[in-house]
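Trainee: I've got a chain open in my viewer and I'd like to learn how to read it. Could you take me through it feature by feature?

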Amino acid sequence: MSIVSQTRVPTTSPSIQDQSITTTFHVEVMHDLDTGEPTLVGSSDANHGDLQVVTADQVIAKAQEQHRLVSKAVKLALDYEAATKQTPAAPHRSWIVADRTTGMPLKGTCLPGCHGLHFEMRGGTADANDIQCTDFDQANSTELPIGCGSEDGQEWTTLSVLIQSYPVHPDEAKRVPLAAIEVTEDHYIEDLDPNGLATVIDKLQQRVDAMRVRHAELIRARAEYFGRQA
Ligand SMILES: [Zn+2]
């Protein structure tokens, strides 16, 4: 068996730091031509110049290092995209309601991608610190059978990243878009055999990759917010 993974992510934009990530991960089982005995060998050189006999533990340690490098490469690509991509001129919902306390008009603009129905503004008045915009993580399909007491056996959407802001909050710092992760503790996924554990690990790995996309979306949402203030 041979697994070769190479990642090359050069950046040319002057607005972000030059960075390059390259990695080679080669693992192979070779059979001795005379005895037919199998041997596990590995290399981290593109030309296999350092091919040597390795143990399974060494391959696992190397694989963990590779996961970190691949994650760094994905992050670098998303940072590049966030730094260079023009924010599309998405239509923003803008509205005016009366401040319930002062009666003065509150002029607000929704967060890009806001899913909020803003029921709090029904009747034309609202508290400035109650109006919250939320961009839900609707693409999250990571569902896991997390034990939650009476609801045991149900699958729960896990590690959603919401992007939120309070667009007319009296404290201006609260108006800047921030992320919220829907997460909890003291809840378990139990009775996992090795295949079950591997499935959960794969799902969480995919979720982490998707969270990096949400990270880029948060950067974009904040750039859009600060662009409107300029
Ligand atoms: Zn909104």
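Mentor: Sure. Let's start with one cut-off that we'll need for the faces of a strand: a residue is buried if 20 or more other C-beta atoms lie within 10 Å of its own, exposed if 12 or fewer, and partly exposed in between. Keep in mind that this is a predicted model.

Trainee: Okay. Which residues of S13 are on the covered face, and which are on the uncovered one?

Mentor: The general idea is alternation: in a regular strand the side chains alternate between the two faces of the sheet. In S13, Val161, Ile163 and Ser165 make up the covered face, while Ser160, Leu162 and Gln164 make up the uncovered one.

Trainee: What sheet does S13 belong to, and in what order do its strands come?

Mentor: Strands of a sheet pair through backbone hydrogen bonds, either parallel or antiparallel. Here the order is S10-S13-S14, an open sheet of three strands with antiparallel pairing. The edges are strand S10 (133–135) and strand S14 (178–182), each of which pairs on one side only. From one strand to the next, the twist averages 30 degrees.

Trainee: And what packs on that sheet?

Mentor: Helix H2 (residues 194–229) does, touching S13 and S14. The direction of H2 makes about 10 degrees with that of S13.

Trainee: How many bridges hold each pair of strands together?

Mentor: S10 and strand S13 (residues 160–165) are joined by three bridges, in the antiparallel sense. S13 and S14 pair over five bridges, also antiparallel. You can follow the register residue by residue: Thr134 has Gln164 as its bridge partner in S13, and Cys133 has Ser165. Gln164 also stands opposite Leu178 in S14.

Trainee: How do I describe the way H1 and H2 sit together?

Mentor: Two packed helices are described by the angle between their axes and the distance between the axes. For helix H1 (residues 56–84) and H2, the axes come within 9 Å and cross at roughly 20 degrees. Angles under 35 degrees count as roughly parallel, so H1 and H2 are roughly parallel to each other. Their crossing is right-handed. On the H1 side, the contact is made by Val74, Lys75, Leu78, Glu81 and Ala82; on the H2 side, the residues include Asp209, Arg212, Val213 and Ile219.

Trainee: There's another sheet, with S7 in it. Which strands are at its edges?

Mentor: That open sheet has three strands in the order S8-S7-S9, and its pairing is mixed. Strand S8 (105–109) and strand S9 (125–126) are the edges; each has a single partner strand, so one side of each is left without a neighbour in the sheet. Strand S7 (residues 94–99) and S9 run parallel and are joined by two bridges. Asp99 stands opposite Ala126 in S9.

Trainee: Take Trp95, then. Buried or exposed, or in between?

Mentor: Trp95 lies in strand S7. It has 15 other C-beta atoms within 10 Å, so it counts as partly exposed. Leaving out residues up to four places away in sequence, Trp95 touches Gly108 and Met121. The C-alpha atoms of Trp95 and Thr109 are separated by 6.5 Å, though the two residues are 14 apart along the chain.

Trainee: Which residues form the largest nonpolar core?

Mentor: Seven of them: Val97, Leu106, Ala126, Ala128, Ile131, Tyr166 and Val168. Another core, of six residues, lies apart from it, with Cys110, Leu111, Ile163 and Ala221 among them. Look at Leu106 for the contacts: beyond four places in sequence, Leu106 touches Ile96, Val97, Asp99, Ala128 and Val168.

Trainee: My backbone plot flags Asp186 and Asp191. What do I make of their phi values?

Mentor: Both values are positive in residues other than glycine: about 65 degrees for Asp186 and near 60 degrees for Asp191. Asp186 is in the loop between S14 and H2, and so is Asp191. Asp186 is exposed, with 6 other C-beta atoms within 10 Å. Asp191 has 8 such neighbours, which makes it exposed too.

Trainee: And for the chain as a whole?

Mentor: The secondary structure comes to two helices and 14 strands. Of the 230 residues in the chain, 12% are buried. Among contacts between residues at least 6 apart in sequence, 51% join residues at least 24 apart.

Technical notes:
Residues are numbered from 1 along each chain as its sequence is written. This is a predicted model: local features need pLDDT of at least 70, side-chain atom pairs count only at pLDDT 80 or more; totals for chains, interfaces and linings use all residues. Two strands pair if DSSP finds at least two bridges between them. Helices (H or I, at least four residues) and strands (E, at least two) are DSSP runs, numbered from the N terminus. Axes are lines fitted to C-alpha atoms, for helices over the stretch in contact, and angles run from 0 to 180 degrees between N-to-C directions. Two residues are in contact if their C-beta atoms, placed from the backbone, lie within 7 Å. A nonpolar core is a set of buried Ala, Val, Leu, Ile, Met, Phe, Trp, Tyr and Cys residues joined through C-beta atoms within 7 Å. Angles under 35 degrees count as roughly parallel, over 145 as roughly antiparallel, 65 to 115 as roughly perpendicular and the rest as oblique. A crossing is left-handed if the near helix is turned anticlockwise from the far one by less than a right angle, and right-handed if clockwise.
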